[in-house]
Amino acid sequence: MPSEETRTETRTDKTETPTATETRAVPGQASSTSSTRAWTTWTTRLLMLGIVLAAFNLRPAITSLGALLEEVRDGLGMSGSVAGLLTSVPPLCFAVFGVTAPRLARRFGPGAVVWAGMVAITAGLLIRPYAGGTAGFLAATALALMGIAVSNVLMPVIVKRYFPDRVGSMTGLYSMALAFGTSIAAAATVPVTNALGGGWQPGLAVWATLGVAAVLAWIPFVRHREAPQSASASAPAPERTADAPGGRGAGPAPEQPPLRITRSRTAWALAVFFGLQATAAYITMGWMAQIFRDSGVSAGTAGLLLAVIMVMGVPLAFVIPRVATRLPHQGPIVLVLGLCGLAGYAGLYFAPVGGAWAWALLLGISNCAFPLALTMVGMRARTGAGVAQLSAFAQSTGYLISIPGPLLVGVLYQHSGGWGLPITLMCALMVPQIVVGVLAGRDRTVEDEVGR
C-alpha cells in the first residue's frame with residue numbers, strides 16, 4: 001500500500017521559506033489517527049467494562065456450588081469423596097484448558113477467546129443443574145470451567161497488551177471485580193435459592209444471567225486483534241513493531257522464538273506459589289461453608305462467612321497490586337498474607353464458632369495472594385509474549401499442583417469424621433507458600449534467566 005511506503009508528501013514552493021512547508025497527510029495516516037482517537041475514547045472504556053464483567057463471572061460457578069454443596073450432594077447422591085472430586089474439578093480444568101489459551105489467542109485473537117470463554121461459562125451454568133445425574137453435572141461444570149480457564153490466563157495478557165502503563169491499577173481493578181463476584185455468589189446463593197422456592201437447581205442456574213452481560217460486552221472485541229502502544233494514551237500510536245500483532249515498523253521485525261520458560265527458577269517459584277494459593281482458595285470456596293455448618297452455624301450464616309472471606313478481596317485486590325508494583329521485592333507482602341492465613345486456620349481449629357468472624361477476616365486477607373500472583377506474572381516478564389508464556393505456565397502448572405488439595409480434604413474429612421486433620425493440612429501448606437512466594441517476588445525477569 002502506498003501509505004505504508006510514504007507516510008507524508010512534502011512540497012516546497014520557490015516563493016516560500018523552508019518553514020512554510022505544506023504537508024499533506026496520506027489517507028492511511030488520517031485513518032490511523034482517527035482509529036487511535038476512537039480507541040482512546042469509547043473503546044478503552046468498553047474494554048475496561050468487558051474486563052470487569054469477565055472477572056465478575058470467573059468465580060460464581062465455584063462459590064455458588066460451595067454454598068449449596070450439601071444440597072447438591074443430597075440431590076445427586078454424592079459421597080464425601082465424590083464431593084471432594086467435584087471441588088477438585090476447577091483446578092483440573094484450569095490446568096488442562098488454560099495451557100491452550102496462548103495458542104488460541106495467537107490464532108483467533110484474545111478478544112475472541114475471552115468472548116468464547118464467556119459463552120462457555122454461561123452455557124455451563126445454565127445446563128449443569130438440569131443435566132441429570134452426577135456425570136452430567138460434572139460435564140456441564142467442566143464446560144463452564146473451560147471458559148473460566150482460558151479467561152484466567154488471558155486477563156494478565158490483555159492488561160499487559162492494552163494497558164502497559166497501568167498494569168498495577170488494571171490488575172487491581174480486575175482482581176477487585178473477581179473478588180466482588182466471588183463474594184456476591186457466596187453470600188446471595190442461599191437467599192436467592194430460598195426466594196426461588198428452595199430448590200438448588202434454580203439457585204445455581206440463576207448465575208448464568210451474569211454471563212450474558214459479559215458475552216455482550218466482548219462482542220466488539222471478537223475481531224479486534226491490534227492494540228495501540230498504550231490504550232490510555234491520547235496521542236496517535238507510533239509505528240508498531242512485532243510486539244503489536246499485525247503492526248508494521250520500518251520493516252517486519254523477526255518473530256522472537258518462544259521462551260524456554262521451564263529453565264527459569266522464577267517461573268517455577270511463581271508456578272508453585274500460584275498452585276499453593278490456589279489450593280487454599282479452592283479448599284476455601286469448596287469446603288469453608290461446610291466447615292462452618294458442621295460447627296453449628298446456620299446455612300445462611302455460613303454463606304455470609306464465606307462471603308466475608310471473599311469480599312476482603314474487593315478492596316485489597318485493588319490495593320495490593322498497586323503496592324506490589326512499587327516495591328522491588330514482593331516478599332514482604334507474601335509474608336504478611338501467609339501469617340494471616342496461619343492465624344486464621346489456627347483460630348478455625350481451636351474456636352471455629354466463637355471467633356468465626358475474625359477467622360473469616362484473616363482468611364480473607366490471606367486469600368488475596370491471588371491478585372498478588374497475577375501482578376507478579378505481569379512484573380516477571382518484559383514483553384507481552386513473555387507475559388503470555390509465563391501466565392500460561394504459572395497458571396497451568398499451578399492449577400495442576402492444586403488439584404489434590406480439595407480432594408484430599410474431602411477424603412480426610414470422610415475418614416476422620418471431623419475437620420481437625422483437614423484444617424491441619426491447610427495450615428501446613430501455608431508454610432511452603434510463604435517460602436516460594438518470597439522467591440517469586442525477587443526483582444528479576446524470566447527473559448534474563450533464560451538468556452533473552
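**Close-up 1. R444 and its salt-bridge partner.** Let us start with R444, which is partly exposed at a relative accessible area of 34%. In this predicted model, R444 forms a salt bridge with E449, and the closest N and O atoms of the two are 3.8 Å apart. E449 is partly exposed too, with a relative accessible area of 25%.

**Close-up 2. A salt-bridge network with E71 and R293.** Here E70, E71 and R293 are joined into one network by salt bridges that share partners. Within this view, the side chains of E71 and R293 meet at 3.4 Å, N to O. E71 belongs to helix 4 (residues 69-76) and R293 to helix 12 (residues 265-294), so this salt bridge ties together parts that are 222 residues apart in sequence. Take a look at the surroundings of each partner as well: E71 is partly exposed, with a relative accessible area of 28%, whereas R293 has a relative accessible area of 18% and is buried. R293 counts as buried because its 18% falls under the 20% cut-off.

**Close-up 3. D448 meets R382.** The side chains of D448 and R382 come together in a salt bridge, with 2.7 Å from N to O. D448 sits in helix 21 (residues 446-449), while R382 is found in the loop between helix 17 (369-379) and helix 18, so the pair links parts that are 66 residues apart in sequence. D448 is exposed, at 51% relative accessibility. For R382 the relative accessibility is 45%, and this residue counts as partly exposed. D448 is classed as exposed because its 51% is over the 50% cut-off. As a reminder for these first three views, the structure holds four salt bridges.

**Close-up 4. Q395 and the residues around it.** We finish with Q395, a residue of helix 18 (residues 384-402). Is Q395 buried or exposed? With a relative accessibility of 1%, Q395 counts as buried. The side chain of Q395 reaches the backbone oxygen of N152 at a distance of 3.0 Å. Which residues is Q395 in contact with, leaving aside its neighbours within four places in sequence? They are N152, V153, P156, F274 and L374. N152 thus appears twice in this view: its backbone oxygen is reached by the side chain of Q395, and N152 is also listed among the contacts of Q395.

Technical notes
Residues numbered from 1 in each chain as written. Predicted model: local features only at pLDDT ≥ 70, side-chain atom pairs only at ≥ 80, totals over all residues. Heavy atoms only, no water. Helix = DSSP H or I, 4+ residues; strand = E, 2+ residues; numbered from the N terminus. Buried < 20%, exposed > 50% of the residue type's maximum accessible area, 1.4 Å probe, protein only. Polar contact = N/O pair within 3.5 Å; in protein donor to acceptor, adjacent residues only side chain to side chain. Contact = heavy atoms within 4.5 Å.
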